[in-house]
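This report describes a single protein chain, starting with its local backbone features and moving on to its sheets and overall dimensions.

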Amino acid sequence: MPKPAVLLSQKLNKFIEEALADDYDLLDLPEEGVNALGARAADIRAVIAFGGFSAEQMDALPNLEIITCPGVGYDGIDTDHAASRGIFITHTPNVLNDEVADTAVALLLNTVRQFYFAEKWVRDGRWERDGAFELSPFTLKGRKVGLYGLGRIGEEIAARLEPFKVEISYHTRSPKKGVAYAYHPTLASLAEAVDTLICIVPKTDETHKTINADILKALGPNGILINVGRGWTVDEDDLIAALEAGTLGGAGLDVFYDEPHVPEKLLTFDTVSVLPHVASASVATRRAMAQLVADNLKSWFAEGRPVTPVPETPFTPKV
């Protein structure tokens, strides 16, 4: 029996190919797009979608059964069209929760204490030449931290912050059962109540540039913004203006609006920490993500049901 044909939209996780090589016929997406697959388009039964997969791409693959996203966010995949076609969508939740939560806390510590710049001071020989590094303008002690989003990763971030003795509150669309943290029904009320905002919401129409000038101003001149969710959520022009005006103290950012482009102005602030979207980028976590992709495909082709289907997505299964 021939191996199922699987299309790789990009090569962003080398461990995926290792996990799938023995059991599947792997094809790379041509630079010219799916239409350049020719007769092989009809062979494709599964797609590994890095970043997204459109309705047009799906329709170019007449026998496509499943799209698996090697990550938590699947916002680039046209889920409604997939549902209309009877195409299952999966993602890889949970396996990256700890890594992303660790990164969020590290970004927060790095931003308030300027550890990157302090290390650079040593590496550039300035400690010996120029003396002690300047005092950090902020501290984590006594902060009021607001979580914009309290899903699996948000809960892990909150759990890590509890030993730091900070006050924790959150905003989601509705209160979460069994959560002791203070709930705010709007992002605006959360921002007014805290001085540190950690963003961990997905990319949706409702989250587009919701962190704007008003929200940033509410955090105050000692306020800190941390974003490990999606760059889509932050109005970067407003963020730069707030930092320039001193109405916001600093920011720690792992994600940006137009990746990999980072506004040059953001790199001029000593109170801004930046990372190249690496929150889940460890060998262990990427291996776990690749294995879950493989598990989803194995379960689908063996039993007709994946391990981690995307929740709350309309779907009419094939019969």
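Gln114 sits in the loop that separates helix 4 (97-113) from helix 5 (115-123). In this predicted model, Gln114 has a positive phi of about 60° without being a glycine. Its relative accessible area is 3%, and because buried means under 20%, Gln114 counts as buried.

Lys209 is also a non-glycine residue with a positive phi, here about 50°. It belongs to the loop between strand 9 and helix 9 (213-219). Lys209 has 31% relative accessibility and is therefore classed as partly exposed, the range for that class lying between 20% and 50%. As background, most residues other than glycine have a negative phi, and most peptide bonds are trans.

A peptide bond that is cis links Glu259 to Pro260, with omega near 5°. Pro260 is in the loop between strand 11 (250-253) and strand 12.

Ile77 occupies the loop between strand 4 (66-68) and helix 3 (79-85). With a relative accessibility of 6%, Ile77 is buried. Leaving aside residues up to four places away in sequence, Ile77 touches Ala49, Gly52, Phe53, Met58, Ile67, Cys69 and Ile89. Arg152 is 75 residues from Ile77 along the chain, and their C-alpha atoms are 21 Å apart.

The three loop residues with a computed accessibility are listed below.

| Residue | Loop | Relative accessibility | Class |
|---|---|---|---|
| Ile77 | strand 4 (66-68) to helix 3 (79-85) | 6% | buried |
| Gln114 | helix 4 (97-113) to helix 5 (115-123) | 3% | buried |
| Lys209 | strand 9 to helix 9 (213-219) | 31% | partly exposed |

The strands come next. Strand 1 (residues 5-8) is covered on both faces: Ala5 and Leu7 are buried on one side, and Val6 and Leu8 are buried on the other. In a regular strand the side chains alternate between the two faces of the sheet. Strand 1 runs parallel to strand 2 (residues 25-28), and four bridges join them. Within this pair, Val6 has Leu26 of strand 2 as its bridge partner.

An open sheet of seven strands follows the order 8-7-6-9-10-11-12, and its pairing is parallel. Strand 8 (182-183) and strand 12 (272-274) are its edge strands, each pairing on one side only. Inside the sheet, strand 9 (residues 196-199) and strand 10 (residues 224-227) are joined by four bridges in the parallel sense. Thr196 stands opposite Ile224 of strand 10. Strands of a sheet pair through backbone hydrogen bonds, either parallel or antiparallel.

Taken as a whole, the protein contains eleven helices and twelve strands. Its radius of gyration is 22 Å, close to the 20 Å that the globule rule gives for 319 residues, so the protein is as compact as a globular protein of that length. The C-alpha trace spans about 70 × 50 × 35 Å along its principal axes.

Of the 319 residues, 47% are buried. The accessible surface comes to about 16100 Å², with 51% of it belonging to carbon and sulfur atoms. Among contacts between residues at least 6 apart in sequence, 59% join residues at least 24 apart. The protein carries 30 positive and 45 negative side chains, and the centres of these two sets lie 5 Å apart.

Terms used:
Residues are numbered from 1 along each chain as its sequence is written. This is a predicted model: local features need pLDDT of at least 70, side-chain atom pairs count only at pLDDT 80 or more; totals for chains, interfaces and linings use all residues. Side-chain values use heavy atoms; hydrogens and water are left out. Helices (H or I, at least four residues) and strands (E, at least two) are DSSP runs, numbered from the N terminus. The radius of gyration is taken over C-alpha atoms; the globule rule is 2.2 Å times the number of residues to the power 0.38. Buried means under 20% relative accessible area, exposed over 50%, partly exposed in between (1.4 Å probe, protein chains only). Contact means heavy atoms within 4.5 Å. Accessible areas come from the Shrake-Rupley method with a 1.4 Å probe; for residues, only the protein chains shown count as cover. Lys and Arg count as positive and Asp and Glu as negative; His and the chain ends are not counted. The place of a charge is taken as NZ of Lys, CZ of Arg, CG of Asp or CD of Glu. Two strands pair if DSSP finds at least two bridges between them.
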